[in-house]
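The following report concerns one structure with its sequence. Please read it with both at hand.

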Amino acid sequence: MTQAVSQSQIRQQVQKTAVKRVREGSPWTGMWAVVAKEMADHLSSVRMAILEVLIVLTAIGTMYVATQDIQQRISRDEFLYLRLFTNARDPLPAFIGLLAFFIPLVAIALGFDSVNGEFNRRTMPRVLAQPIYRDALLMGKFLAGLFTLALVCTAVWLLIFGMGVLRLGVAPGGQEVGRALLFLLATIFFGGIWLALAMVFSIVFRQPATAALASIATWLFFIVFWGMIAGLLAQSLSPIRFGFAEEYIAQANLQLALGRFSPNTLYAETMIALLRPEIRSLGILLPSQMEGAILGAPLPLSESLVLIWPQLTGLIAGTIVLFALAYVLFQRQEIRP
Amino acid sequence: MSAPIIQTHELTKKYGNFTAVDRLNLSVQPGEVFGLLGPNGAGKTTTILMLLGLTEPTSGSVQVLGLDPSRQPLKVKSRVGYLPDQVGFYDELTAYENLAYIARLNGIAGDQIKKRIDEALARVGLEQVARKRVSTFSRGMRQRLGVAEVLIKQPQLIIMDEPTSGLDPEASHELLDMIRSLKEEGITLLLSSHLLHQVQAVCDRVGLFSHGKMALEGAVDELAQRVLGGAYRIQISADGTQPEILKALKNVPGLAHIRAVNSRLYEMEAARDLRPEVAQAVISAGGRLYKLDVQAQSLDDIYTAFFKEVAHDASRVPIAN
């Protein structure tokens, strides 16, 4: 009898402590206040103003050249507007090429001092002493960065379409708008990866300059070296011993797969598949696979989407994984100076 | 007696092998100003962070306003104002904008924000510079802005970490006045400092921290009694034959540590104010009294004496409440 009582008491005690372990209140309390403040900071900062001017100038420049090109050819092209993004003429590269270059820079500029900046200004203890959780602060900062990025990208996107209407004098088709919208989404999440990475470094390093350098070093690594490393790794992991075609294919496939660890590759493939409807494969195409295909015939949007679905989800997943890492690191950080 | 505002039980915080706070039992009553004293690195800031739920205790328990800061941090932080050591603001924003951000984080309704901020800024005398960027502010103004920020949430308890460090004498005087007026409003305050005379000027009770432990706790007078043996240090200046005067003084009950500093100056300690008795003794010994002075014990003396004692005999068990 007494044993039963004590056991039920113990159970009650355990339940009580289990209930007590749960933190009270929503982790998102105050998040929108953080988002509003951080976005206001981003949009009024000199740093962002410089980058925005750069991007807009780039957009106008490449656009001007591309529209000239298109006007001269007067081609009966179904996807005139998509050509606006992809047409290149010396000395200017295509707009998408420049965008792939600028977006990581903007994202890094938005994120590299987000957490350590608060520590350096000694505002972190004061802000965390307010009735909010750390979750709200970090999520708010990330969302503010992502929204700012989305705002910049959307503005440029609209600018391009607007200039296209003015200079080409034709309305864009539904397919084109759909493809361009998906391209916009991919661009935002491509930036999201670099934003999350810069935030991870801003948590790890106490000096904003170190965090910025580490972010830019990672970016350069993927732009310059990863392609070479992927080639070397593919050669050593899947060597060509007897010169069979299968060996060549296996090696090329491995190199492609390794290359896709770089967000730049994922983004480039997404861009190409979305903006050039005639692209039907991102890997190696064997002649046998091309049987019955009409060369140069555009794929419908749904088919292109199937083609880049892994890349698109990869970009989004990369953003989420890096943010989760930032989240874990930040939760464990001591706020003592 | 009403429930304590702050109550800790065997509170411990370890960073790896280093024990920052060691089995701390602290209790602060409503309406009192409590001073946490101790050298840098004694565990004051860590204790404060645990009170606010900003750091998890390794063991032990904390109750602030009857709430558990590590489980109900939002409730605790909306009722407790915290002015950190070397408070920082967003320099590129104005004083008003800085406070508006904090008000929004506190979930204060939009139509209330302006009123609260204006009141708080007027309270600390910064209403003239509300629209100026914080980057133009002096150290003292920043500290006052910090107090304004704390007042916005209309707290029941205010915790200030080293509130006067780095301030010029005038600014720290203003801050101490502010602390007094907050106390008059019935707000409980917890201060941490290593500037003893300032703490002494405003605190009802103090706790001496040493190596993560509360070594001593009590009112300033009590502590003096306990550490120095006497709370009053009487100093006289008298002409006359020294041995006779000393003999007469030694006959006064309650006097201790009587010594002649030079041919005219004498010092002694007493548990209460024995000036009339001392004067009488000097005169009866044929001395001519020129000066009769009493110094209340300063915390500095207590502090120095206490830490000297601790250093002298490290194995000594500290006198704790």
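This report describes a predicted model, taking chain A, the contact between the chains and chain B in turn.

**Chain A**

Chain A contains 13 helices and zero strands, and its pattern along the sequence is accordingly an unbroken series of α elements, α-α-α-α-α-α-α-α-α-α-α-α-α. Its C-alpha trace spans about 90 × 55 × 40 Å along the principal axes. Chain A has 337 residues, of which 35% count as buried. Among the contacts in chain A with a separation of 6 or more, 80% are between residues 24 or more positions apart.

One helix pair in this chain is formed by helix H5 (residues 95-111) and helix H8 (residues 134-168) of chain A, which pack at an angle of about 145° with their axes 10 Å apart. The crossing of H5(A) and H8(A) is right-handed. On the H5(A) side the contact is made by A:Val106, A:Ala107, A:Leu110 and A:Gly111, and on the H8(A) side by A:Gly145, A:Thr148, A:Leu149 and A:Val152. By class, five of these residues are nonpolar and three are polar, with no charged residues in the contact of H5(A) with H8(A).

**The contact between the chains**

Chain A contributes 22 residues to the contact and chain B contributes 25 residues. On the side of chain A that touches chain B, the elements giving two or more residues are helix H2 (31-44) and helix H7 (124-128) of chain A. H7(A) gives the most to this side, with four residues. The side of chain A that touches chain B comprises, by class, eight nonpolar, five polar and nine charged residues.

**Chain B: domains and sheet**

Chain B is divided into domain 1, covering 6-225, and domain 2, covering 232-296. The C-alpha centres of the two domains of chain B lie 44 Å apart.

Chain B has an open sheet of six strands in the order S6-S7-S8-S4-S9-S10, with mixed pairing. Strands S6 (80-83) and S10 (213-218) of chain B each have a single partner strand, so one side of each is left without a neighbour in the sheet. On average, neighbouring strands of this sheet are turned by 15° against each other, direction ignored.

Two of the strand pairings are set out below.

| Strand pair | Sense | Bridges | Residues paired |
|---|---|---|---|
| S4(B) and S8(B) | parallel | five | B:Gly35 and B:Leu191 |
| S9(B) and S10(B) | antiparallel | five | B:Ser210 and B:Lys213 |

In the first of these rows, S4 covers residues 33-37 and S8 covers residues 188-193 of chain B. S9(B) and S10(B) form a hairpin with two residues between them, and B:His211 in the turn has a positive phi of about 50°.

**Chain B: helices on the sheet and a helix pair**

Helix H1 (residues 44-51) of chain B lies across S4, strand S7 (157-161), S8 and strand S9 (205-210) of chain B, and runs at about 150° to S7(B). Helix H5 (residues 139-152) of chain B also packs on the sheet, where it touches S6 and S7 of chain B. The direction of H5(B) makes about 165° with that of S6(B).

H5(B) also packs with helix H3 (residues 95-105) of chain B: their axes come within 10 Å and cross at roughly 30°. This crossing of H3(B) and H5(B) is right-handed. H3(B) makes the contact through B:Ala95, B:Leu99, B:Ile102 and B:Ala103, and H5(B) through B:Leu145, B:Ala148, B:Glu149 and B:Ile152. By class, the contact of H3(B) with H5(B) has seven nonpolar residues, no polar residues and one charged residue.

**Chain B: a residue in strand S2**

B:Phe18 is found in strand S2 (residues 18-24) of chain B. Is B:Phe18 buried or exposed? B:Phe18 has 9 C-beta neighbours inside 10 Å and therefore counts as exposed, the cut-off for this class being 12 or fewer. B:Phe18 and B:Val278 are 260 residues apart in sequence, and their C-alpha atoms are 51 Å apart in space.

Notes:
Residues are numbered from 1 along each chain as its sequence is written. Chains are lettered from A and ligands numbered from 1 in the order in which they are written. This is a predicted model: local features need pLDDT of at least 70, side-chain atom pairs count only at pLDDT 80 or more; totals for chains, interfaces and linings use all residues. Two strands pair if DSSP finds at least two bridges between them. Axes are lines fitted to C-alpha atoms, for helices over the stretch in contact, and angles run from 0 to 180 degrees between N-to-C directions. Two residues are in contact if their C-beta atoms, placed from the backbone, lie within 7 Å. Ala, Val, Leu, Ile, Met, Phe, Trp, Tyr, Cys and Pro count as nonpolar, Asp, Glu, Lys and Arg as charged, and the others, Gly among them, as polar. A crossing is left-handed if the near helix is turned anticlockwise from the far one by less than a right angle, and right-handed if clockwise. A residue is buried if 20 or more other C-beta atoms lie within 10 Å of its own, exposed if 12 or fewer, and partly exposed in between; C-beta atoms are placed from the backbone. Domain bounds come from an automatic or database domain assignment.
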